[in-house]
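Reader: I'd like to go through this structure with you and hear the reasoning behind each label. Can you show me what we're working with?

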Amino acid sequence: MKFHVLTLFPEIPRAFFESSIMAKAVQKGIIAYDLVNIRDFAFDKHKTCDDSPYGGGAGMLMLPEPLSLALKSVHKGIAAEHGRKAKKRVIYVTPSGKPFTQKLAQDLSQEDDLVFICGRYEGIDQRIIDTWVTDEISIGDYVMSSGELAATVIVDAVYRLIDGVISSESLEEESYTDGLLEYPQYTRPEVFEGKKVPDVLLSGHHENIRKWRLEKRLAKTLRVRPDLVAKARENGNLSKEAEKMIEKLTNYSGD
């Protein structure tokens, strides 16, 4: 997969692509990336990429011309690599977009190319959205000044799902994978500041450990995100064993 990030501040996402697991995935050729500086497509000597919005109001808006030229350049590169009819997802990260979820991350991980538009100031011209954007995505009900940080959040959630980046075992019981939150985990020492690791995890009894982890996942999800349990039930994603545990945890009658 290749990530194309259109930004006014390429140094922000560059640090992410050159660090940790992402850097290893790039070295292995599993992931590729292209940081496109929108200012390179500006017309004047000052590389101006913003102006005041029509109709008035506070703040500045990103100019459509440099952003459009940057998008055309990326599109041309993708077409040269994959053919003229190559599909691409163009993502604009914005507080007014649809909520980002694990399911959406899994969907995006199936693409060959993902193009990210990193907004700044008051955002981007609507005509760019109408012409280019396939997905407007929000990472939460709050506003950030950096589209780069928001885009990096999505990139991080997506790339780790691609084969070869991390082991499949590490993904199987993560939060949201099957609609539940993750169980608590422990490592050495066995006793830390007077708190001991649960005995079941020291028992070596794999079936008891599995049941304990499932019950803890259900308990945490019921406490923190009961909406996820309701959704899992609605979609038929919970096993009979899980339903019995929920009944035990909540005295659920089934009515």
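Author: Sure. This is a predicted model. Its radius of gyration is 23 Å, whereas a compact globule of 255 residues would have one near 18 Å. The C-alpha trace spans about 70 × 45 × 45 Å along the principal axes.

Reader: How many helices and strands are there in the protein?

Author: The protein has eleven helices and nine strands. Buried residues make up 39% of its 255 residues. Of the contacts with a separation of 6 or more, 72% are between residues 24 or more positions apart.

Reader: Let's talk rings. What makes Phe-3 and Phe-17 an aromatic pair, and why is the pair called tilted?

Author: There are five aromatic pairs in the structure. In this one the centres are 6.2 Å apart and the planes are at 50 degrees. Pairing needs centres within 6.5 Å, and stacked means under 30 degrees while edge-to-face means over 60, so an angle of 50 degrees counts as tilted. Phe-3 sits in strand 1 (residues 2-7) and Phe-17 in helix 1 (residues 11-17), 14 residues apart, so the pair links distant parts of the chain. Both Phe-3 and Phe-17 are buried.

Reader: And what makes Phe-3 and Phe-116 a tilted pair?

Author: The reasoning is the one we just used: 6.3 Å centre to centre and 40 degrees between the planes, set against the 6.5 Å limit and the 30 and 60 degree cut-offs. Phe-3 belongs to strand 1 and Phe-116 to strand 6 (residues 113-117), so this pair ties together parts 113 residues apart in sequence.

Reader: How do you know that Phe-3 counts as buried?

Author: Its relative accessibility is 0%, and buried means under 20%, so Phe-3 counts as buried. Phe-116 also has 0% relative accessibility, so Phe-116 counts as buried as well.

Reader: Which residues do ring pairs link into a cluster?

Author: The cluster holds Phe-3, Phe-16, Phe-17, Tyr-33, Phe-116 and Tyr-159.

Reader: How do you know that Arg-39 lies over the face of Phe-9?

Author: Arg-39 is at 5.7 Å from the ring centre of Phe-9, and the distance limit is 6 Å. There's also an angle condition, within 35 degrees of the ring normal, and Arg-39 is listed as lying over the face.

Reader: On to the core. Which residues have the most contacts inside the largest nonpolar core?

Author: Phe-3, Ile-31, Leu-108 and Phe-116 do, in a core of 31 residues. At least two residues each come from strand 1, helix 1, helix 2 (20-27), strand 5 (89-99), helix 4 (102-108), strand 6 and helix 6 (147-159). Helix 6 gives the most, with seven residues. As for Leu-108, leaving aside neighbours within four places in sequence, it is in contact with Met-1, Arg-89, Ile-91, Phe-100, Leu-114, Ile-137, Ile-154 and Val-158. Another core, of 22 residues, lies apart from the largest one, and Ala-42, Ile-78, Ala-86 and Tyr-92 are among its members.

Reader: Arg-120 caught my eye. Why is Arg-120 called buried?

Author: The relative accessible area of Arg-120 is 16%, and the cut-off for buried is under 20%, so the label applies. Arg-120 is found in the loop between strand 6 and helix 5 (126-132). Leaving aside neighbours within four places in sequence, Arg-120 is in contact with Leu-8, Phe-9, Ile-12, Met-62, Ser-145, Ser-146 and Glu-148.

Reader: What makes the approach of Arg-120 to Ser-146 a polar contact?

Author: It's a side chain to side chain contact at 3.4 Å, set against a limit of 3.5 Å for N or O atoms.

Reader: Now the backbone. What is the phi of Ser-20, and is Ser-20 buried or exposed?

Author: Phi of Ser-20 is near 55 degrees, a positive value in a residue other than glycine. Ser-20 is in helix 2. Its relative accessibility is 57% and exposed means over 50%, so Ser-20 counts as exposed.

Reader: Why is Lys-47 called partly exposed?

Author: Its relative accessible area is 34%, which falls between the 20% and 50% cut-offs. Lys-47 lies in the loop between strand 2 (32-37) and strand 3 (50-51), and has a positive phi of about 55 degrees although it is not a glycine.

Reader: Which residues does a cis peptide bond join?

Author: Arg-188 and Pro-189, with omega about 5 degrees. Pro-189 is found in the loop between helix 7 (168-172) and strand 8 (191-192).

Terms used: Residues are numbered from 1 along each chain as its sequence is written. This is a predicted model: local features need pLDDT of at least 70, side-chain atom pairs count only at pLDDT 80 or more; totals for chains, interfaces and linings use all residues. Side-chain values use heavy atoms; hydrogens and water are left out. Rings of Phe, Tyr and Trp (its six-membered ring) pair if their centres lie within 6.5 Å; planes under 30 degrees apart count as stacked, over 60 as edge-to-face and the rest as tilted. Helices (H or I, at least four residues) and strands (E, at least two) are DSSP runs, numbered from the N terminus. Buried means under 20% relative accessible area, exposed over 50%, partly exposed in between (1.4 Å probe, protein chains only). A nonpolar core is a set of buried Ala, Val, Leu, Ile, Met, Phe, Trp, Tyr and Cys residues joined through side-chain atoms within 4.5 Å. Contact means heavy atoms within 4.5 Å. A polar contact is a pair of N or O atoms within 3.5 Å; within protein, one must be able to donate a hydrogen and the other to accept it, and residues adjacent in sequence count only if both atoms are side-chain atoms. The radius of gyration is taken over C-alpha atoms; the globule rule is 2.2 Å times the number of residues to the power 0.38.
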